[in-house]
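Hi everyone, thanks for coming. I'd like to walk you through one structure today, so please have a look at the screen.

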Amino acid sequence: MREIELSYTVEPPAEQLRERLTPRSILEYADVYEIRSCEPTDDGAEATVAIDGTEMTVRFSPLENGYEYRFVDGGMFEERYSRVTVEDGEEARVTATARYTFDSIWSFVLDRLGAKTVRRELELTITNLLEDVAADESEPVADEPERADGGD
């Protein structure tokens, strides 16, 4: 089994970042999945995603500071567990972790080769989360329209 963890100290407040984290947004931020469905469940959410036509089911569980998720069937992984968390502190800390192994007799080779792809997915997830929050902050706030009667 291979594990990759990325952690960044960032400027946006942790609360703003956590508000953006949802099962759907995590999959969208990763920028590799075609999301076919994403539905709430009693204990989180379940999504069906595809990569190059291969469907996979992903189950999400909420954490106090983010989400953990597992690929439970389909696809190329024998096992895949990931989590994205945002910690409070003087500055926010965003951490993305993935543990995985491929479903193949060559998994020991594929695990190493897949590391670049999985690392890129985690990097994109964090980068796109940060860009989403930054884009929201940079949108101009509309002034209240002036009243024609000059009153308050």
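One definition before we start: the accessible areas I quote come from the Shrake-Rupley method with a 1.4 Å probe. And please keep in mind that this is a predicted model.

With that in hand, the accessible surface of the protein chain comes to about 9,500 Å². Carbon and sulfur atoms account for 43% of that surface. The chain has 152 residues, and 38% of them are buried.

Now the overall layout. We have 3 helices and 7 strands. Going along the sequence, the order is β-α-α-β-β-β-β-β-β-α. As for contacts with a separation of 6 or more, 46% of them are between residues 24 or more positions apart.

Let me begin with helix 2, residues 23–30. Why can we call helix 2 largely enclosed by the rest of the structure? Because 6 of its 8 residues are buried. Those buried residues are P23, S25, I26, L27, Y29 and A30. Helix 2 is followed by D31, and the phi of D31 is positive, near 60 degrees.

For a contrast, look at D42, in the loop between strand 2 (34–41) and strand 3. D42 has a relative accessibility of 87%, so it counts as exposed. If you want a distance to place it by, the C-alpha atoms of D42 and S61 are separated by 9.7 Å, with the two residues 19 apart along the chain.

On to the charged pairs. Side chains of opposite charge can pair when their charged atoms come close. In this model the count comes to 7 salt bridges, and I'd like to show you a few of them.

Let's take E46 and R59, whose closest N and O atoms are 2.7 Å apart in a salt bridge. This pair links distant parts of the chain, with E46 in strand 3 (residues 44–51) and R59 in strand 4 (residues 54–63), 13 residues apart. Are these two buried or exposed? Neither extreme, as it turns out: E46 is partly exposed at 29% relative accessibility, and R59 is partly exposed too, at 45%.

Next, a pair within one helix. R120 and E123 form a salt bridge with 3.9 Å from N to O. Both residues lie in helix 3, 3 residues apart, which is about one turn of the helix. The general background is that an α-helix has 3.6 residues a turn, so residues three or four places apart point the same way. R120 counts as partly exposed, at 46% relative accessibility, and E123 is likewise partly exposed, at 25%. There is also a network, in which salt bridges that share partners join E34, R36 and E55.

And now to R80, the residue I'd like to spend some time on. What does R80 pair with in a salt bridge? The partner is E121, with the closest N and O atoms 3.0 Å apart. Here again distant parts of the chain are linked: R80 is in strand 6, E121 is in helix 3 (residues 107–138), and the two are 41 residues apart. How accessible are the two partners? R80 has a relative accessible area of 2% and E121 has 6%. The cut-off for buried is under 20%, so R80 counts as buried, and so does E121.

R80 has other company as well. Its strand, strand 6, covers residues 77–87. The side chain of R80 makes a polar contact with the side chain of S82, at 3.0 Å. Setting aside neighbours within four places in sequence, the contacts of R80 include Y33, Y69, R70, F71, A98, R99, Y100 and V118, along with E121.

That brings us to the last stop, the largest pocket. Rolling a probe the size of a water molecule over the atoms shows where empty space is left. The largest pocket has a volume of about 160 Å³. Which residues line the largest pocket? They are V32, Y33, I51, M76, F77, R80, F102, G114, T117, V118 and E121. So the salt-bridge partners R80 and E121 turn up again in this lining. Strand 6 and helix 3 are the elements that give two or more residues to the lining. Helix 3 provides the largest share, 4 residues.

That's my tour. Thanks for listening, and I'm happy to rotate the view for anyone who'd like another look.

Terms used: Residues numbered from 1 in each chain as written. Predicted model: local features only at pLDDT ≥ 70, side-chain atom pairs only at ≥ 80, totals over all residues. Heavy atoms only, no water. Polar contact = N/O pair within 3.5 Å; in protein donor to acceptor, adjacent residues only side chain to side chain. Contact = heavy atoms within 4.5 Å. Buried < 20%, exposed > 50% of the residue type's maximum accessible area, 1.4 Å probe, protein only. Salt bridge = Lys/Arg side-chain N within 4 Å of Asp/Glu carboxyl O. 1 Å grid on protein atoms, 1.4 Å probe; cavity = no way out; pocket = protein on both sides within 12 Å on 5 of 7 lines; lining within 4 Å. Points joined across faces, edges and corners; volume = space filled by probe spheres on them.
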